[in-house]
Amino acid sequence: MDQDIVIRIIELLGTFAFAISGIRHAAAKHFDWFGGYVCGIAVAIGGGTIRDVMLGTTPFWMTTPVYMICTAAALLTVAFFGRWMEPLKNAWFVFDTFGLALFTIAGIEKSLAFGQPFWVAIIMGCITGSAGGVIRDVLLNNEPVIFHREIYAIACVLGGIVYWALSYLGMSIEATAVASFVTTCTVRFLAVRYHISLPTL
């Protein structure tokens with residue numbers, strides 16, 4: 001597949017996953033629909049916007065309304081199906097993790113497409129994946145999750161390293177993206193399941 005198409009697909013999937021996560025956090029604080037949409041769009045486009053500004057290009061969501069529509073679909077999903085998903089308490093965590101992994105990959109691939117070296121691409125992937133969550137937490141008056149002991153941004157970095165290693169070995173972009181996605185998700189799932197964390201200062 002063409003790299004631009006792969007990036008677009010990943011960004012759309014990440015937008016939906018992150019938007020659901022942000023809207024669910026807003027619902028827990030009893031925000032109205034508009035407040036939920038604002039939180040959803042903030043977490044869905046925040047990291048990618050910072051990345052694109054740093055890369056000197058038009059933010060991805062300004063080129064097509066599909067990301068706004070995707071967030072609206074996420075809002076309706078939470079509004080109408082949230083109570084059936086509520087018993088699945090881990091579902092929201094899974095959506096957040098999927099969004100984290102997908103946007104990390106999108107950030108890496110877009111940075112490489114703009115000619116950035118891999119170490120910059122990994123940092124951009126981390127920003128793309130985690131910065132939206134920081135914006136969401138600030139809007140909700142919560143301590144940003146990346147400052148907790150819980151593994152979050154480190155999972156992005158490890159996923160980026162796997163992406164770099166497999167690219168260096170000549171694997172296809174599709175296989176590399178899948179491996180990076182699995183790595184990021186696995187690291188985060190295991191860290192939460194077994195309470196693995198970095199030492200506190």
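Two helices count as roughly antiparallel when the angle between their N-to-C directions is over 145 degrees. In this predicted model, the axes of helix 6 (residues 153-168) and helix 7 (residues 173-193) come within 8 Å and cross at roughly 155°, and helix 6 and helix 7 are therefore roughly antiparallel to each other. Their crossing is right-handed.

On the side of helix 6, the residues that take part in this contact are Ala 155, Cys 156, Leu 158, Gly 159, Gly 160, Val 162, Tyr 163, Leu 166 and Ser 167, and they meet Ile 173, Thr 176, Ala 177, Ala 179, Ser 180, Thr 183, Thr 184, Val 187 and Arg 188 in helix 7. Sorted by character, the residues of the contact of helix 6 with helix 7 comprise 10 nonpolar, seven polar and one charged.

A second pairing involves helix 2 (residues 33-55) and helix 4 (residues 90-113), whose axes are 11 Å apart and which pack at an angle of about 15°. Since angles under 35 degrees count as roughly parallel, helix 2 and helix 4 are therefore roughly parallel to each other, and helix 2 passes helix 4 in a right-handed crossing. Here Val 43, Ala 44, Arg 51, Asp 52 and Leu 55 in helix 2 meet Phe 103, Ala 106, Gly 107, Lys 110 and Ser 111 in helix 4. The residues of the contact of helix 2 with helix 4 divide into five nonpolar, two polar and three charged.

Phe 103, listed among the helix 4 residues that meet helix 2, also takes part in aromatic pairing. A search of the whole structure finds seven aromatic pairs, including the two set out below.

| Aromatic pair | Centre to centre | Angle between planes | Arrangement |
|---|---|---|---|
| Phe 18 and Phe 103 | 5.5 Å | 65° | edge-to-face |
| Phe 60 and Tyr 67 | 4.8 Å | 85° | edge-to-face |

In the pair of Phe 18 and Phe 103, Phe 18 lies in helix 1 (residues 3-28) and Phe 103 in helix 4, so the pair ties together parts that are 85 residues apart in sequence. Phe 18 has a relative accessibility of 0% and therefore counts as buried, and Phe 103, at 2% relative accessibility, counts as buried as well.

For the rings of Phe 60 and Tyr 67, the planes stand at 85°, so the pair is edge-to-face. Phe 60, at 4% relative accessibility, counts as buried, and Tyr 67 is buried too, with a relative accessible area of 1%.

Key
Residues are numbered from 1 along each chain as its sequence is written. This is a predicted model: local features need pLDDT of at least 70, side-chain atom pairs count only at pLDDT 80 or more; totals for chains, interfaces and linings use all residues. Side-chain values use heavy atoms; hydrogens and water are left out. Axes are lines fitted to C-alpha atoms, for helices over the stretch in contact, and angles run from 0 to 180 degrees between N-to-C directions. Helices (H or I, at least four residues) and strands (E, at least two) are DSSP runs, numbered from the N terminus. Angles under 35 degrees count as roughly parallel, over 145 as roughly antiparallel, 65 to 115 as roughly perpendicular and the rest as oblique. A crossing is left-handed if the near helix is turned anticlockwise from the far one by less than a right angle, and right-handed if clockwise. Contact means heavy atoms within 4.5 Å. Ala, Val, Leu, Ile, Met, Phe, Trp, Tyr, Cys and Pro count as nonpolar, Asp, Glu, Lys and Arg as charged, and the others, Gly among them, as polar. Rings of Phe, Tyr and Trp (its six-membered ring) pair if their centres lie within 6.5 Å; planes under 30 degrees apart count as stacked, over 60 as edge-to-face and the rest as tilted. Buried means under 20% relative accessible area, exposed over 50%, partly exposed in between (1.4 Å probe, protein chains only).
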